[in-house]
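Biologist: Before I trust any label on this thing, walk me through how each one was earned.

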Amino acid sequence: MKKFATIFASAIMLASCTQAQWTQEQAQNWYDAQGWLVGCDYIPADAINQIEMWSADSYNHELIDRELGWAEDLGFNTLRVYLSSVVYENDPQGLKDRMDDFLGICDSHSIRPLFVFFDDCWNAESYYGKQPEPKPGIHNSGWVRDPSDALRADTTALWPKLETYMKDVLETFSDDSRILMWDLYNEPGNSGYRSASLPLLKKSFEWAQAVRPSQPLTSGVWSDPLKDLNEFQLANSDVISYHCYSDAGEQQHAIDTLSRYGRPLVCTEYMARTRNCTFANSLPVLKANNVAAINWGFVAGKTNTIFAWDDPRPEEEEPETWFHDIYRQDGTPFSEDEIALIKSLTGK
């Protein structure tokens, strides 16, 4: 979901600023009990963004159940799924009820998801209600930042709302064994925010660690130049997560660098075919290093993520080489060879 390759040139070991962080031993014991984690960043094909996925009028139990059946068949055992503070603000109990329903679907397919709270990517503003239709050939034309850009200037008004949202969701599901972990903030500093995202990043860990759910907490590093953000994320995450949309050599470099922290590693975004980041050259490296592997995208749909970030193609219905995603909406795959490879590595 970004336009930058992930390159980690160095890693600075920092002490955690809180006693609420898991010890390295706790994190490793938890990870060892999971088995190899493999899955995808997931949104149903009929949702253009987080708001449409979770709103009462557009949440689609039947479609999610069908698509997660395909995930189970691949051997996927986890999904990374974005929540929405917009839906929570307008329908807090409804969001939690639909999360419970979603977890029930996941459980029926032997999948344990991780949920994402905040996000600095794509469209600056959002609204509750019917969402826009996709713009043809445009990657993530309707995805929205959370919180909206316009709300960020007045932290006195915004932060109490976000604190209530995060703590309520975490407290509701803090001991739910169907949940794998929590990703507090996706790509802080993206969309030109850079260090301006650090205060909310710090608050997100403060609020989550005050609840201290039974599941681990993380926020993934994704861009080497964002030193202050990276250092805070790496110093406070229970398990280390990161994004890598580069080839096998860069994937191995990221693993080698981040392994210095002595914590389990979770790659929460990878796989962009036209950037030479493929299942064939990435997934074996992740498995060989016992790194959890979560690729971006599953079923081609309203997000238009079969098209690349920086290559709009409004005249094309489908590019020859998909950027992300695995299946068409009828369940046929983009590549039978990829399906065979994934199943061979997951044991399916």
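Modeller: Here is a chat about the labels and the values behind them.

Modeller: Ground rules: this is a predicted model, where local features need pLDDT of at least 70, side-chain atom pairs count only at pLDDT 80 or more, and totals for chains, interfaces and linings use all residues. Residues are numbered from 1 along each chain as its sequence is written, and side-chain values use heavy atoms, with hydrogens and water left out.

Biologist: What makes a stretch a helix or a strand, and how many are there in the protein chain?

Modeller: Both are DSSP runs numbered from the N terminus: helices are H or I with at least four residues, strands are E with at least two. By that rule the protein chain has 11 helices and 8 strands.

Biologist: How do you know what radius of gyration a compact globule would have here?

Modeller: The rule is 2.2 Å times the number of residues to the power 0.38, and the radius is taken over C-alpha atoms. For 348 residues that comes out near 20 Å, and the protein chain has 19 Å, so the two agree. Along the principal axes, the C-alpha atoms fill a box of roughly 50 × 45 × 40 Å.

Biologist: What makes two strands a pair, and in what order do the strands of the sheet run?

Modeller: DSSP has to find at least two bridges between them. The 8 strands form an open sheet in the order β5-β4-β3-β2-β1-β8-β7-β6, with parallel pairing. Each of β5 (217-218) and β6 (240-243) has a single partner strand, so these two stand at the edges, with one side lacking a neighbour in the sheet.

Biologist: How do you know that β1 pairs with β8 and with β2?

Modeller: Count the bridges against that minimum of two. β1 (residues 38-41) has 4 to β8 (residues 292-296) and 3 to β2 (residues 78-82), so both pairs qualify under the rule. Asp-41 has Trp-296 as its bridge partner in β8, while Gly-39 stands opposite Thr-78 in β2.

Biologist: And what joins β3 to β4?

Modeller: 5 bridges, between residues 114-119 of β3 and residues 181-186 of β4, running parallel. In β4, Tyr-185 is the bridge partner of Phe-118, and Asp-183 is opposite Val-116.

Biologist: Why is β4 called largely enclosed?

Modeller: Buried means under 20% relative accessible area with a 1.4 Å probe, counting protein chains only; exposed is over 50%, and partly exposed is in between. In β4, 6 of the 6 residues are buried, so the rest of the structure largely encloses this strand. Across the protein chain, buried residues make up 60% of the 348.

Biologist: What makes helix α8 mostly covered?

Modeller: In α8 (residues 227-236), 7 of the 10 residues are buried, among them Leu-229, Phe-232 and Leu-234. The cover includes α7 (198-211), β6 and α9 (248-258).

Biologist: Why is Ala-71 called buried?

Modeller: Ala-71 has a relative accessible area of 0%, so it is buried. This residue sits in helix α3 (residues 61-74).

Biologist: Which residues does Ala-71 touch, and what counts as a contact?

Modeller: Contact means heavy atoms within 4.5 Å. Leaving out residues up to four places away in sequence, Ala-71 touches Phe-76, Ile-111 and Phe-298. Tyr-327 is 256 residues away along the chain, with 10.0 Å between its C-alpha atom and that of Ala-71.

Biologist: What share of the protein chain's contacts with a separation of 6 or more links residues 24 or more positions apart?

Modeller: That share is 78%.
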